[in-house]
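Here are some exercises to work through with the model open beside you. Try each task on your own, then follow the solution step by step.

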Amino acid sequence: MKIKDLKPADYNPRTITDEQLERLKKALQEFGDLSGIVFNRRTDNLVGGHQRLKCLPSDAVIEKEKLKKPSRTGTVAAGTITIDNEAYTYREVNWPIEKEKAANIAANQHGGEFDDEKLAVILKELSE
């Protein structure tokens with residue numbers, strides 16, 4: 001399967017401007033995927049996933065593998081946190097504090113907006 005085989009849902013209520021999309025693209029190229037749990041090994045700080053982490057059991061085990069060499073975006077280890085047979089993405093990076101802070105902001109800035117009309121339709125359907 002390839003990316004081109006994935007069909008976007010017509011009902012998706014999320015929209016994104018060209019400018020937001022370009023910022024998201026740049027963030028993905030520089031920081032990689034920030035949507036999971038991202039930990040900076042250099043500073044011992046969580047970079048992304050602060051709110052997700054609050055929802056996970058504190059005794060959940062992180063299963064990870066160290067990469068042979070850092071990835072293009074600075075990832076040094078990758079793995080999962082598995083809870084009730086559901087895997088949550090986990091990765092470790094090795095970034096200076098400045099890049100960590102930029103990634104933290106990027107993780108919370110490029111999500112786009114809701115198309116309120118499409119969202120209203122979905123919410124109505126789900127409430128029925």
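**Exercise 1. In which helix does Leu126 lie?**

Before we start, note that this is a predicted model: local features need pLDDT of at least 70, side-chain atom pairs count only at pLDDT 80 or more, and totals for chains, interfaces and linings use all residues. Residues are numbered from 1 along each chain as its sequence is written, and side-chain values use heavy atoms, with hydrogens and water left out.

Step 1. Look for Leu126 in helix 4, which covers residues 116-127. Helices (H or I, at least four residues) and strands (E, at least two) are DSSP runs, numbered from the N terminus.

Step 2. Check the accessibility. Buried means under 20% relative accessible area, exposed over 50%, and partly exposed in between, with a 1.4 Å probe and protein chains only. Leu126 has 67%, so it counts as exposed.

Step 3. Try a distance. From Leu126 to Lys54 you go 72 residues in sequence and 27 Å in space, C-alpha to C-alpha.

**Exercise 2. Find the aromatic pair and say why it is edge-to-face.**

Step 1. Get the rule straight: rings of Phe, Tyr and Trp (its six-membered ring) pair if their centres lie within 6.5 Å; planes under 30 degrees apart count as stacked, over 60 as edge-to-face and the rest as tilted.

Step 2. Count. The structure holds 1 aromatic pair. Its rings belong to Phe31 and Trp95, with centres 5.7 Å apart and planes at 65 degrees, so the pair is edge-to-face.

Step 3. Place the partners. Phe31 is in helix 1 (residues 18-31), while Trp95 is in the loop between strand 6 (86-93) and helix 3 (97-107), so the pair links distant parts of the chain, 64 residues apart.

Step 4. Buried or exposed? Phe31 is buried at 5% relative accessibility, and Trp95 is buried at 2%.

**Exercise 3. Work out how the strands are arranged in the open sheet.**

Step 1. Recall that strands of a sheet pair through backbone hydrogen bonds, either parallel or antiparallel. Here, two strands pair if DSSP finds at least two bridges between them.

Step 2. Read off the order. There are 5 strands in the open sheet, running 3-2-6-5-4, with mixed pairing. Strand 3 and strand 4 are the edge strands, as each pairs on one side only.

Step 3. Look at two of the pairings. Strand 5 (residues 75-83) and strand 6 are antiparallel over 8 bridges, and Ile83 has Glu86 of strand 6 as its bridge partner. Strand 2 and strand 3 are antiparallel over 3 bridges, and Val38 stands opposite Gly48 in strand 3.

Step 4. Follow the turn. Strand 2 and strand 3 form a hairpin with 4 residues between them, and Asp44 in that turn has a positive phi of about 60 degrees.

**Exercise 4. Which residues does Tyr90 touch, leaving out those up to four places away in sequence?**

Step 1. Find Tyr90 in strand 6. With a relative accessible area of 6%, Tyr90 is buried.

Step 2. List the contacts, meaning heavy atoms within 4.5 Å. Tyr90 touches Ile37, Phe39, Ile62, Lys64, Ala78, Gly79, Thr80 and Ile81.

Step 3. Compare with a residue elsewhere in the chain: the C-alpha atoms of Tyr90 and Arg14 are separated by 25 Å, with their positions 76 residues apart along the chain.

**Exercise 5. Which residues are linked in a network of salt bridges?**

Step 1. Use the cut-off: a salt bridge is a side-chain nitrogen of Lys or Arg within 4 Å of a carboxyl oxygen of Asp or Glu. By this rule there are 4 salt bridges.

Step 2. Start with Glu92, which is buried at 2%. Glu92 forms a salt bridge with Arg41, the closest N and O atoms being 2.5 Å apart. Since Glu92 lies in strand 6 and Arg41 in the loop between strand 2 (37-40) and strand 3 (45-48), the pair ties together parts 51 residues apart in sequence.

Step 3. Add Lys64, whose salt bridge with Glu92 also has its closest N and O atoms 2.5 Å apart. Lys64 sits in strand 4 (residues 62-66) and Glu92 in strand 6, so this pair ties together parts 28 residues apart in sequence.

Step 4. Put the links together: Arg41, Lys64 and Glu92 form the network. Arg41 is partly exposed at 35%, and so is Lys64 at 44%.
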